[in-house]
Amino acid sequence: MDKLALLGKFLKPANLLVYLPFIFPLYLVKLDLLGIPSNLLELVVMALGGIFLIDEMCKMIRRYKKSENVLVIRNIYNSNKSFFWVSLGFLLIACMAVVIVPQKTLLIDGQTIYESKKVALGIFKGWIVVPYLYFSMVWLSLKQKTQFFNMLYAYIFSILPLALWACYQYFTGQFLTMDARASGPFINANYLAMYLAPAVVA
């Protein structure tokens, strides 16, 4: 029973958010979501967003008086008013940028057809919606300094398999890149460097 209670505590949305950086490299696992390019990390974040929403709704339902529910919503809004309005403006601008993109574009060679809208939707989802969803959950649920330090530690530990992979490439000479630079699972060594650098500085 104690183990189940411990597991239930660990699986709370706030704890899952804290340790999510550990699986950041899963964005390299590419998938196709209803014709839109996606990856495994995006699906995990969206699933976690659903769990987070259900958990928050259950907390509201557990309150006995309707007036208390209204008061809680009002307090959440008042304490995060700037965040909500800035977020709304940001998302509206991003949506406008996607709307004006044509369905297809003929490239300069006059023959190649570029799937502009499909790529734009993938970028919108991967660079705007999913990161914003993750940031919103962190903003609304994580308050303790130890939680943020644990997030940092989870990210630092996520670099270890990538760094070991790069070391293996260096010592065996089995590179993925054309210029024979250690890149881990990335197609460019610069991508690996950009992922590792913040952890090295930390």
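1. In this predicted model, the largest pocket holds about 870 Å³ of space. Its lining is made up of 29 residues, and those closest to the centre of the pocket are Y27, K30, N39, G126 and W127, which makes these five a convenient place to begin when looking at the structure.

2. As for the elements around this space, those that give two or more residues to the lining of the largest pocket are β2 (36-39), α3 (40-61), α6 (116-141) and α8 (189-201). Of these, α6 gives the most, with ten residues; G126 and W127, which are among the residues closest to the centre, fall within the range of α6 (116-141).

3. By class, the lining of the largest pocket has 20 nonpolar residues, together with five charged and four polar ones. Among the residues closest to the centre, K30 counts as charged, whereas Y27 and W127 count as nonpolar.

4. Turning to the chain as a whole, the model has eight helices and four strands, and along the sequence these elements follow the pattern α-α-β-β-α-α-α-β-β-α-α-α. Two strands in succession thus appear at two places in the pattern, with three helices between them.

5. On burial and surface, 27% of the 202 residues of the chain count as buried, where buried means under 20% relative accessible area. The accessible surface of the chain comes to about 14,100 Å², and 72% of this surface belongs to carbon and sulfur atoms.

6. Finally, where contacts join residues at least 6 apart in sequence, 50% of them link residues that are at least 24 apart.

Conventions:
Residues are numbered from 1 along each chain as its sequence is written. This is a predicted model: local features need pLDDT of at least 70, side-chain atom pairs count only at pLDDT 80 or more; totals for chains, interfaces and linings use all residues. Side-chain values use heavy atoms; hydrogens and water are left out. Buried means under 20% relative accessible area, exposed over 50%, partly exposed in between (1.4 Å probe, protein chains only). Contact means heavy atoms within 4.5 Å. Accessible areas come from the Shrake-Rupley method with a 1.4 Å probe; for residues, only the protein chains shown count as cover. On a 1 Å grid over the protein atoms alone, a cavity is a set of points where a 1.4 Å probe fits but cannot get out, and a pocket is an open set with protein on both sides within 12 Å along at least five of seven lines; lining residues have an atom within 4 Å of a point. Grid points are joined across faces, edges and corners, and a volume is the space filled by probe spheres set on the points.
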